[in-house]
Amino acid sequence: MEGNIWIAFGLTLFAGLATGIGSLLAFFTSRTNTKFLSASLGFSAGVMIYVSLVEIFVKAKDELTYELGATPGYWATLAGFFGGMLLIALIDHFIPSTGNPHDVKSVEDIGTGPTNDEYAKLKKMGVFTALAIAIHNFPEGIATFTSAMQDPALGVAIAIAVAIHNIPEGIAVSVPMYFATGDRKQAFKLSFLSGLAEPAGAVIAFLILMPFLNGIMFGVIFAAVAGIMVFISLDELLPAAQKFDEAHISIYGLIAGMAVMAISLVLIT
C-alpha cells in the first residue's frame with residue numbers, strides 16, 4: 001500500500017485542479033456545449049454510483065465482516081455508509097445558499113453583465129462559492145486518496161469522475177468573480193485555490209489517518225467514501241446534468257458511466 005502514496009496524491013491533485021479547467025472554459029469558450037456537459041455530468045454520476053455500490057461498499061463490508069464478524073461488520077458498514085451521507089449533507093446544509101456550488105453556472109452567464117449595484121454582491125458570491133466548493137472538495141480529496149491507496153485502478157476511475165464534476169464548479173466560482181472584478185487572473189486564481197482543497201484532503205488523510213489505518217478504520221472510511229459519493233451524485237451531479245439536459249442525454253450518460261465502470265472493473269480484476 002505504501003507504494004501507492006504518490007499515485008494517490010497525483011490522482012487527487014488531478015481531480016482538484018479540474019476546477020481550473022472549468023474556469024478556463026468560462027473565459028475562452030463562447031458557448032456551452034450543453035449536450036456534452038449534460039452527458040459528462042451524467043457519466044460521472046454513473047461511474048460514482050456504480051463504483052460506490054458495487055465495488056467500494058462491498059470492499060468495506062468484506063473488510064469489516066472479516067474484522068468484526070458477519071452481523072457486527074455489516075452494521076458497521078451501514079453506519080459508515082450513511083454516516084458519510086450525513087457528513088456531506090451537513091456540510092451542504094451549513095453552506096450559505098449564495099455560495100452553494102450546486103447552482104451550476106454556464107458559460108453563457110458571462111455574456112450578460114450585471115448592473116453597477118450588483119458588483120459587490122457578485123464578488124461576495126464568488127468568494128462564498130469558492131469557500132463552499134473548497135469545503136465540498138475536502139472530503140472528496142480524502143475519498144480519492146484512500147481509494148487510490150487501496151486500489152490505484154479504482155482511484156483512477158474515481159479521480160476522473162470527480163474531475164468531470166469539478167469542471168462546472170470551476171465555472172461557478174469564476175463567473176461571478178469575473179463579473180465583479182473584470183479580472184480574469186483573479187477569477188482563475190480563486191477557482192484554482194478552491195480546487196486545492198482536494199489535495200489538502202489527501203494530505204490530511206495521509207498525516208492523520210494513515211497511522212491509524214487498520215482493517216476496521218479502512219472499512220469504515222471506505223464505507224463513508226461510498227456514502228459521500230452516492231450523495232454527491234444524487235444531490236449535485238444528476239440535478240446539474242438535468243439542468244442542461246436534452247432528450248434524456250443525462251440518463252444515457254449515467255447508463256454509459258455505469259457500463260464503462262462495470263467493464264473496467266471486470267478488465268482490471
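Glu140 has its place in helix H4, which covers residues 119-150. In this predicted model, Glu140 is one of the residues that the unreviewed UniProt entry lists under the annotation "binding site", and the points below follow that annotation from residue to residue before turning to helix H2.

**Annotated positions**

- According to the unreviewed UniProt entry, one "binding site" annotation covers Asn137, Glu140, Asn166, Glu169 and Glu198. Although these residues are spread over 62 residues of sequence, they cluster in space, with a largest C-alpha distance of 13.3 Å.
- The feature "binding site" is also placed by the unreviewed UniProt entry at Glu140, His165 and Glu169. These residues span 30 residues in sequence, yet no two of their C-alpha atoms are more than 13.3 Å apart, so they gather at one spot.

**Glu140 in helix H4**

- With a relative accessible area of 3%, Glu140 is buried, because buried means under 20% relative accessible area.
- When neighbours within four places in sequence are left aside, Glu140 is in contact with Val162, His165, Asn166, Glu198 and Ile232. Among these partners, Asn166 and Glu198 are themselves covered by the UniProt annotation that includes Glu140, while His165 belongs to the feature that UniProt places at Glu140, His165 and Glu169.

**Asn166 and Glu169 in helix H5**

- Asn166 has its place in helix H5, which covers residues 152-181, and Glu169 lies in helix H5 as well.
- Asn166 counts as buried at 0% relative accessibility, and Glu169 counts as buried at 1%.
- Leaving aside neighbours within four places in sequence, Asn166 is in contact with Asn137, Glu140 and Glu198, each of which the unreviewed UniProt entry includes in its "binding site" annotation. The contacts of Asn166 also include Ala15, Gly16, Ala18 and Thr19.

**Helix H2 and the residue after it**

- Helix H2 runs over residues 34-68 and has 35 residues, reaching 48 Å from its first C-alpha to its last, which is close to the 51 Å expected at 1.5 Å a residue.
- A kink of about 45 degrees is found in H2, and this kink is centred on Ser52.
- Just after H2 comes Gly69, which takes a positive phi of about 105 degrees.

Key: Residues are numbered from 1 along each chain as its sequence is written. This is a predicted model: local features need pLDDT of at least 70, side-chain atom pairs count only at pLDDT 80 or more; totals for chains, interfaces and linings use all residues. Side-chain values use heavy atoms; hydrogens and water are left out. Helices (H or I, at least four residues) and strands (E, at least two) are DSSP runs, numbered from the N terminus. The expected span of a helix is 1.5 Å times one less than its number of residues. The bend at a residue is the angle between axes fitted to the seven residues ending there and the seven starting there. UniProt positions are given in the numbering used here, feature names are shortened, and annotations may be inferred rather than shown by experiment. Buried means under 20% relative accessible area, exposed over 50%, partly exposed in between (1.4 Å probe, protein chains only). Contact means heavy atoms within 4.5 Å.
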